[in-house]
Every structure is written in structure tokens, then in C-alpha cells.
Amino acid sequence: MAKQQPLQFTLDRGSPVPLYFQLSQQLEAAIEQGRLAPGSLLGNEIDLAGRLGLSRPTVRQAIQSLVDKGLLVRRRGVGTQVVHSQIKRPLELSSLYDDLDAAGQKPATRVLRHAVEPASAQVAAALGVAEGADVLLVERLRLAHGEPMAHLRNHLPVGLLELEGGEALERSGLYRLMRTAGITLHSARQTIGARAATAEEGELLAEPEGAPLLTMERTTFDDTGRAVEFGSHLYRASRYSFDFQLLARS
């Protein structure tokens, strides 16, 4: 059974920010940082209101805002329960594994395929090899707190990296392994899009057929300008977003 979590909040009653919003923000931060893991139970509204010295409607409004975001759910006979947090990934040259690890999201990897195959026209163009040439395919399912987050397909030049038959990828991220092997990741070209999940993709990512998925294709280059990896990834839009800053042109 899920365990009720002890929570500590600091509310500024002199702030112009409404108390319900302060509470909801702190709850959301606890969920995103993994201090409130999926399945965790919150105290009931009456107990929480009494402990914080807030009115019950204030606590109810804070909780409802997170229910509306899909982070909490009210279950009859159980109480208010954490569903999940949405991963907000910075748009930079980093691996999903490292981003999840840094956010306290307990990443795990299931290697679905690790094999040499002929390069398709798209993969060949990205890696700068001849179509049909041998390339290494690594296909993985990335999880956070045991829940599927992304389906990752990466193609690499053969001989670039020793992956111990794929076992190393269950213990670490691809980019971390590449850096450990002395490969300097310098830059990448990336395209982000969206589409509906197929039945097979939905089953793999615990989403219904037709659910929105974020797509990302990335070609990564080392410090000599050589293409060292082409990734084609699918992310659950309900659990994942890209976060980046825009600067005005001078």
C-alpha cells in the first residue's frame, strides 16, 4: 500500500502570491524532485489544512490545481495520490538518462535491441556513410520511477564504442559512456516534432493508441566534426516537455 508522506511547507502570508498557489507550487516541486514519488499519498484536506493553519478551501484549491495538471488524483477510499511528474528537459546537448538522474527521477533502461544492421538512407545521410553500410543500432526503453518515459533508437558507426553487448546501457546513459570512452561531444543538429502513437508504440509507452507523442531526431558531432550518433526518439507528451530560453535578436 502507498505510504502517506510527511510534508514540510513554508508559506509567506505577507506575500501577494495567493496561499493556495504557494502551496501548489511547493507540492509540484516536491513531485518533480522525486521527494513525492508516484503512488505517494497526501494527508486528507482537513489534516493538511489544520497542520498548515490554512482554510480547507485553500488546500482544496491547491490540490485541485495539481489534479488538473495530472500530477495528483483523488481515489475513493484511498485519498489524494501522486500520479507522476512531467519531465521538463533543458534543450541542450545532454542525455535523457543524465537529465533524469540529475532531477532525482530514478532512471532505468530496458535494452530492446543491440545489433548491427544496414544503414537506411536517412541514417546513412546523418552519419555520413554509404547506404547499406553496417551501423550499430541501440534501441531502448527509458523509465523513470519504473514508468516508461521514452522509446530511444540510436545509430552509431560500427567500432566507435564498445557496449559490452548492451549491458553497459542498462547501467548508464549513452552520452556518459561515449565521454568515458574519450569521445568529445561538441555539437548536434536536432529536430523536434509531434505525432500520434501507433498501437505498438502506445503499448510500449503505456499510452492509448492515438495519444500525442513528442518526436526528436538528433545528429551529434564530435570535436573533429565527425557524426558519432543519430538518434530517433519518441517521448510521452503527457510526461515530458522540452524547456528552453529564447533570446531576442539585436
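Two strands count as paired when DSSP finds at least two bridges between them. With that in hand, welcome to a few close-ups of this predicted model.

**View 1. Six strands line up in an open sheet.** The order across the sheet is β4-β5-β6-β9-β8-β7, and the pairing is antiparallel. At the edges stand β4 and β7 (185-196), each with a single partner strand, so one side of each has no neighbour in the sheet. From one strand to the next, the twist averages 15°.

**View 2. Strand β5 sits among its neighbours.** Is this strand enclosed or open to the surroundings? Strand β5 (residues 134-144) is largely enclosed by the rest of the structure, because ten of its eleven residues are buried. Here, buried means under 20% relative accessible area. Eleven bridges link β5 to strand β4 (residues 107-118), in the antiparallel sense. Strand β6 (residues 147-157) also runs antiparallel to β5, and ten bridges join these two.

**View 3. Leu143 of β5 has a partner in β4 and another in β6.** Ala108 is found opposite Leu143 in β5, while the bridge partner of Leu143 in β6 is Pro148. Elsewhere along the β5-β6 pairing, look for Val138, which stands opposite Asn154 in β6. Two residues lie between the strands in the hairpin of β5 and β6, where His145 adopts a positive phi near 55°.

**View 4. A hairpin joins β1 and β2.** Four bridges hold the antiparallel pairing of strand β1 (residues 72-75) with strand β2 (residues 79-82). One bridge to pick out is that of Arg74, whose partner in β2 is Thr80. Which residue of this hairpin takes a positive phi? That residue is Gly77, with a phi near 80°, in a hairpin that has three residues between its strands.

**View 5. Helices α1 and α3 cross obliquely.** Two packed helices are described by the angle between their axes and the distance between the axes. For α1 and α3 the angle is about 45°, and the axes are 8 Å apart. Angles from 35 to 65 degrees fall in the oblique class, and α1 and α3 are therefore oblique to each other. Their crossing is right-handed.

**View 6. The largest nonpolar core holds 19 residues.** The members that touch the most others are Leu23, Leu27, Leu36, Val59 and Leu72. Three helices, α1 (19-32), α2 (45-52) and α3 (56-68), each supply at least two residues of this core. Apart from this core lies another one, of 15 residues, including Leu156, Leu161, Leu169 and Val228.

**View 7. One aromatic pair turns up in a search of the whole structure.** How are the rings of Tyr20 and Phe21 arranged? Their centres lie 6.4 Å apart and their planes meet at 80°, so the pair is edge-to-face. The cut-off for that label is an angle over 60 degrees. Both partners are partly exposed: Tyr20 has a relative accessible area of 25%, and Phe21 has 38% relative accessibility.

Definitions and conventions: Residues numbered from 1 in each chain as written. Predicted model: local features only at pLDDT ≥ 70, side-chain atom pairs only at ≥ 80, totals over all residues. Heavy atoms only, no water. Core = buried A, V, L, I, M, F, W, Y, C linked by side-chain atoms within 4.5 Å. Buried < 20%, exposed > 50% of the residue type's maximum accessible area, 1.4 Å probe, protein only. Phe/Tyr/Trp six-rings, centres within 6.5 Å; stacked < 30°, edge-to-face > 60°. Axes fitted to C-alpha atoms, helices over the stretch in contact; angles between N-to-C directions. Parallel < 35°, antiparallel > 145°, perpendicular 65-115°, else oblique. Left-handed = near helix turned anticlockwise from the far one by under 90°.
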